[in-house]
Amino acid sequence: MIMCMSVYSVYIRNYSKGTYMVNNRKIIALCTSSIYDAQVFGFIKTLNETLKSTDSALLIFSINSDIYWDESLVPAETYVFDIMPYDELDCIILMDEKIKSHTVSNRILSKAKESDTPVIVIDGEYEGTTTVGFDYDIGFEAITRHVIEYHKVKRPHMMAGFADNIFSNRRIEVFKKVLAENNIPFDSGMVSHGDFWADPTRAAMAELLKRDVLPDAIICANDIMAINVSDMLQLDGKRVPEDVIVSGFDGYEEAFYSKPKISTSSCDTMLLAESAGRLALDAASGKEIKDLLIPPRLVPNESCGCQEHSWNALHQMASFNNSFYRHQDDSRILYNISSAMEISNSTWDMAAAIHNHKTKHSLTVVDRNIFDMDSNYFMEDPSNWKTPDFHIINDADYAEEHRFDGRFPLPEDLFYDTEVNPKADVLSGNYRDRIIELMDLNIPLVFNALDYMNRPFGFNCYFYEDYAVTDYSRTAIVTNGISMGIGGFINLQYQKRLMEKMDDMYKHDALTGLYNRLGFLRIYDITKNDEENHGKEVTVIMSDLDGLKYINDTYGHADGDSSITAVGNALKESCPENALCARYGGDELFAVILGKCDPDSIIRNIDSILDDYNKKAANPYLVTTSSGTYTTTFNPEFDLNKALKIADERMYAVKSEKIKNHLYNNQRQQ
């Protein structure tokens with residue numbers, strides 16, 4: 001549908017790494033989730049600025065939902081990681097904690113290993129990869145020392161995570177270490193377990209508040225627990241920090257919105273971006289790289305009695321507010337786009353419906369197999385799935401050059417090329433040059449998988465020239481809207497096709513494929529009521545199979561049926577395309593032809609076709625027919641029954657003549 005600008009692509013083989021460079025540019029892939037998340041968004045911005053300095057390209061492959069470490073849940077949108085151009089990537093950065101699935105991460109790592117592509121894992125550890133993450137022990141020690149040493153508390157308490165959890169136990173050990181160095185004796189009553197989450201923390205606080213003497217500080221293993229500890233204290237009439245100091249850990253955005261704001265150590269993922277970018281460039285150049293742990297950033301705040309620290313909360317709040325109000329508008333418009341796509345009458349109209357100011361800076365690529373309406377792409381047995389054949393159907397940058405007027409109803413007309421694309425990745429097929437052209441802009445390219453009914457069928461590419469969280473937040477609903485629009489369109493078109501097939505079966509004779517009595521009368525009524533046909537010449541041809549009873553009695557009804565089919569085919573092939581050919585029943589076949597024709601020539605053609613059939617079939621009998629014709633003028637007074645009767649009488653006259661001259665014999669001459 002959209003012709004994209006051709007770009008001359010230069011490929012340089014780097015034998016030391018075994019990968020390709022495109023236009024002398026290294027390609028770094030980022031695998032992540034929810035690019036509109038403040039931490040991920042900040043990570044992307046910093047990472048791309050780092051890569052831009054060396055003219056390297058950043059391709060982002062993202063899902064839009066959380067899997068929450070449920071390894072049994074592998075949604076179709078994770079297909080986006082399968083269409084990465086692994087053979088052409090110089091390095092992959094995998095945000096393990098954002099994807100939240102070892103199953104998905106291992107799938108990415110397996111493909112990377114096959115292509116010998118180095119992988120840097122953010123905040124996770126996998127064999128054969130390099131880790132960039134936080135030194136959580138140092139970060140937790142920093143906030144613990146700040147509370148105990150700077151604020152000189154004497155009765156500290158710790159709200160730990162799960163009992164016997166490795167992360168929780170390590171933070172308890174840090175807590176014990178700082179206590180010992182400050183000559184504060186430790187006992188087990190100084191630790192409660194909030195299981196890293198709200199409800200268990202509130203239950204643990206309810207027990208702690210029953211004590212006669214409360215601690216003067218509660219050091220929490222994460223911010224969620226700290227927020228709930230602070231809330232429970234205040235509900236009980238205690239002041240934070242005047243009566244009890246509270247601290248958290250991780251640096252969640254919520255810590256800056258609570259009252260009071262929570263003191264914490266920030267493990268903001270964006271702090272890892274620059275280091276990850278430098279390591280990725282080193283790996284892409286073939287240099288040896290090692291694991292890198294970065295200390296979290298100490299953020300003292302109101303909950304420990306320090307000065308208010310808003311971090312980047314004001315900026316984030318403004319962005320979130322903007323996103324919230326725009327989201328309502330975006331959702332309404334995307335719903336309208338999806339609806340327009342679903343009810344489109346043709347693939348051209350469906351693709352054209354994508355064009356909108358909310359879908360700017362996007363490219364849509366789909367598997368053209370989805371438009372094969374002989375089966376429903378989304379309901380097929382997986383064992384019957386065809387190899388994907390990806391093609392571009394929409395490019396927002398060229399929307400104004402392609403306005404559609406509905407003249408192209410066939411699915412294949414949607415595609416401007418007919419070559420099969422054997423590779424299912426984002427750097428192949430008719431869109432490769434377009435993707436490379438976008439890479440030349442030095443902007444991050446974001447890829448989402450398109451899926452419907454949990455079956456992937458293509459991808460969307462987003463190319464925003466400015467860093468705007470509102471744009472990034474829109475990708476999720478645009479991807480979903482286009483997925484729903486295309487999927488709904490396919491389902492409706494398939495239903496229409498089924499209805500057409502049912503209607504076709506209803507109107508046509510199953511044996512010959514000609515109109516049956518009911519189907520003929522329906523189409524004949526339309527023809528008769530069309531005033532443009534009035535005054536035209538009309539010819540009726542009646543054709544009857546010779547000796548049907550003989551064939552049925554001697555060779556069986558199956559042979560009789562095949563003989564009727566042969567006569568029906570001969571009649572259809574011999575008549576003009578506009579002829580209305582029908583089988584009223586038995587061996588009574590006829591045609592109604594509007595416009596001038598040569599009935600004798602048509603009958604000769606019928607006989608010739610049956611001669612060829614008899615030679616090829618080599619049956620012990622001959623299939624022949626007797627025909628009669630009647631020609632008159634077609635007008636509102638035209639009596640079809642009378643015309644059929646006359647043609648039938650003439651047909652029987654021909655048949656009688658055959659009998660009289662001993663020519664009416666189906667037995668093949670020896």
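A residue counts as buried when its relative accessible area is under 20%. By that yardstick, buried residues make up 54% of the 670 residues in this protein. The model is a predicted one, so please read the values below as computed from a prediction.

**Overall build**

The chain folds into 17 helices and 22 strands. Among contacts with a separation of 6 or more, 74% join residues that are 24 or more positions apart. The accessible surface comes to about 31000 Å², and carbon and sulfur atoms account for 51% of that area.

**Open and closed spaces**

Let us turn to the empty space. Rolling a probe the size of a water molecule over the atoms shows where such space is left. The structure holds two cavities of 30 Å³ or more, and the table sets the largest cavity beside the largest pocket.

| Space | Volume | Nonpolar lining residues | Polar lining residues | Charged lining residues |
|---|---|---|---|---|
| Largest pocket | about 1800 Å³ | 20 residues | 10 residues | 16 residues |
| Largest cavity | about 60 Å³ | one residue | two residues | four residues |

The lining of the largest pocket is made up of 46 residues, and those nearest its centre are Glu97, Asp123, Tyr136, Asp250 and Tyr252. Several elements give two or more residues to this lining: helix H1 (38-52), helix H2 (96-99), strand S7 (130-134), helix H4 (136-150) and helix H5 (166-181). Of these, H5 gives the most, with four residues.

Elsewhere, the largest cavity is bordered by Asn369, Asp372, Ser375, Tyr377, Glu380, Lys386 and Arg455.

**Two enclosed strands**

Strand S16 covers residues 390-395, and six of its six residues are buried, so the rest of the structure largely encloses it. Its partner S15 (residues 362-367) runs antiparallel to S16, with five bridges between the two. One place to look is Leu363, which stands opposite Asp395 in S16.

Strand S21 (residues 588-594) has a similar story to tell. Six of its seven residues are buried, so S21 too is largely enclosed by the rest of the structure. S21 pairs with two strands. With S19 (residues 537-545) the pairing is antiparallel over seven bridges, and Asp544 stands opposite Glu588 in S21. With S20 (residues 580-585) the pairing is again antiparallel, over five bridges, and here Cys581 has Ala591 of S21 as its bridge partner. S20 and S21 form a hairpin with two residues between the strands, where Gly586 takes a positive phi near 55°.

**A buried aspartate in H9**

Asp330 is a good residue to click on next. It sits in helix H9, which spans residues 313-342. Asp330 has a relative accessible area of 4%, and because the cut-off for buried is under 20%, this residue counts as buried. Leaving aside residues up to four places away in sequence, Asp330 touches Lys358, Arg474 and Ile477. The contact with Ile477 brings together residues 147 positions apart along the chain, with 7.9 Å between the C-alpha atoms of Asp330 and Ile477.

Definitions and conventions. Residues numbered from 1 in each chain as written. Predicted model: local features only at pLDDT ≥ 70, side-chain atom pairs only at ≥ 80, totals over all residues. Heavy atoms only, no water. Buried < 20%, exposed > 50% of the residue type's maximum accessible area, 1.4 Å probe, protein only. Contact = heavy atoms within 4.5 Å. Areas by Shrake-Rupley, 256 points an atom, 1.4 Å probe, with all protein chains shown as cover. 1 Å grid on protein atoms, 1.4 Å probe; cavity = no way out; pocket = protein on both sides within 12 Å on 5 of 7 lines; lining within 4 Å. Points joined across faces, edges and corners; volume = space filled by probe spheres on them. Nonpolar A, V, L, I, M, F, W, Y, C, P; charged D, E, K, R; others polar. Pairing = 2+ DSSP bridges.
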